[in-house]
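Welcome, and please open your viewer. We will take a short walk through one protein, choosing something new to select at each stop.

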Amino acid sequence: MRETPEELDQLQSLLDSSLSGSTAHLRSIVEGRTITAPQLTGVLTGMCTLALSTVTAKGEPRISGADGHFLHGRWHFGTARNAAKARHLAARLAASVAHLRGEDLGVFTHGTVEELNPENARTTADWQELLAYLRNFYDDDAFDWNREVVRRRVG
């Protein structure tokens, strides 16, 4: 768990507002089966396979897999800079991600993505921290992290 108390509070608020704004049908399915922000961050460790949904220029949905890391209460994921989903997200920042573990856990996130390591612009303030985490997790020499892979977050 890498979340600060403030990040956990923000995540808990998001979880609560999401549940309260859901349909009666969804609430009937998850009633008594939800978990708290600290519990969620304790479960979502390491790499979690995500189903990442983007939209084409024609407005057609596309879904593909991505390595997801839940850090600081948000999903972080990457892809090759020349991948179709990278082009979709560069042009249209809206995305949905889902992480499912059978019938036991479903985490669904919708929002605007943020690029963390733009190729020809300044990286985000926390990029070096994230880069150190990724290099440790995957292998320091696995990629040219700035040229080959674009990292984004949503949440």
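This tour visits a pocket, a strand and a cavity.

Before you start, keep in mind that the model is predicted.

**Stop 1: the largest pocket**

Select Leu15, Val30, Gly106, Val107 and Phe108. Of the 32 residues that line the largest pocket, these five are the closest to its centre. The space here comes to about 1100 Å³.

Now colour the elements around the pocket. Helix H1 (5-20), helix H2 (24-30), strand S3 (74-80) and strand S5 (105-112) each give two or more residues to the lining. Which element provides the largest share of the lining? Select H1 to see the answer: 7 residues of the lining come from this helix.

Next, try colouring the lining of the largest pocket by class. You should find 16 nonpolar, 11 polar and 5 charged residues.

**Stop 2: strand S7**

Move on to residues 149-154, which form strand S7. Are the residues of S7 buried or exposed? The strand is mostly covered, with 6 of its 6 residues buried.

Show the side chains and look along the strand. Val149, Arg151 and Arg153 point one way, while Val150, Arg152 and Val154 point the other way. Arginines appear on both sides of S7, and they are buried along with the valines.

**Stop 3: the neighbours of S7**

Keep S7 selected and add S3, a strand you met at the pocket. S3 and S7 run antiparallel and are joined by 6 bridges. To see one place where they face each other, select Phe77 and Arg152: Phe77 stands opposite Arg152 in S7.

Then add strand S6 (residues 114-115). S6 also runs antiparallel to S7, and 2 bridges join this pair. Pick Glu114 and find its bridge partner in S7, which is Arg153.

**Stop 4: the cavity**

How can we look for hidden gaps? Rolling a probe the size of a water molecule over the atoms shows where empty space is left. How many cavities of 30 Å³ or more does a search of the whole structure find? The search finds 1, and the volume of the largest cavity is about 60 Å³.

Select Arg2, Leu71, His72, His76, Asp126, Glu129, Leu130 and Tyr133 to show the lining of this cavity. Helix H5 (residues 127-137) gives the largest share, 3 residues. By class, the cavity lining has 3 nonpolar, 2 polar and 3 charged residues.

Conventions:
Residues numbered from 1 in each chain as written. Predicted model: local features only at pLDDT ≥ 70, side-chain atom pairs only at ≥ 80, totals over all residues. Heavy atoms only, no water. 1 Å grid on protein atoms, 1.4 Å probe; cavity = no way out; pocket = protein on both sides within 12 Å on 5 of 7 lines; lining within 4 Å. Points joined across faces, edges and corners; volume = space filled by probe spheres on them. Helix = DSSP H or I, 4+ residues; strand = E, 2+ residues; numbered from the N terminus. Nonpolar A, V, L, I, M, F, W, Y, C, P; charged D, E, K, R; others polar. Buried < 20%, exposed > 50% of the residue type's maximum accessible area, 1.4 Å probe, protein only. Pairing = 2+ DSSP bridges.
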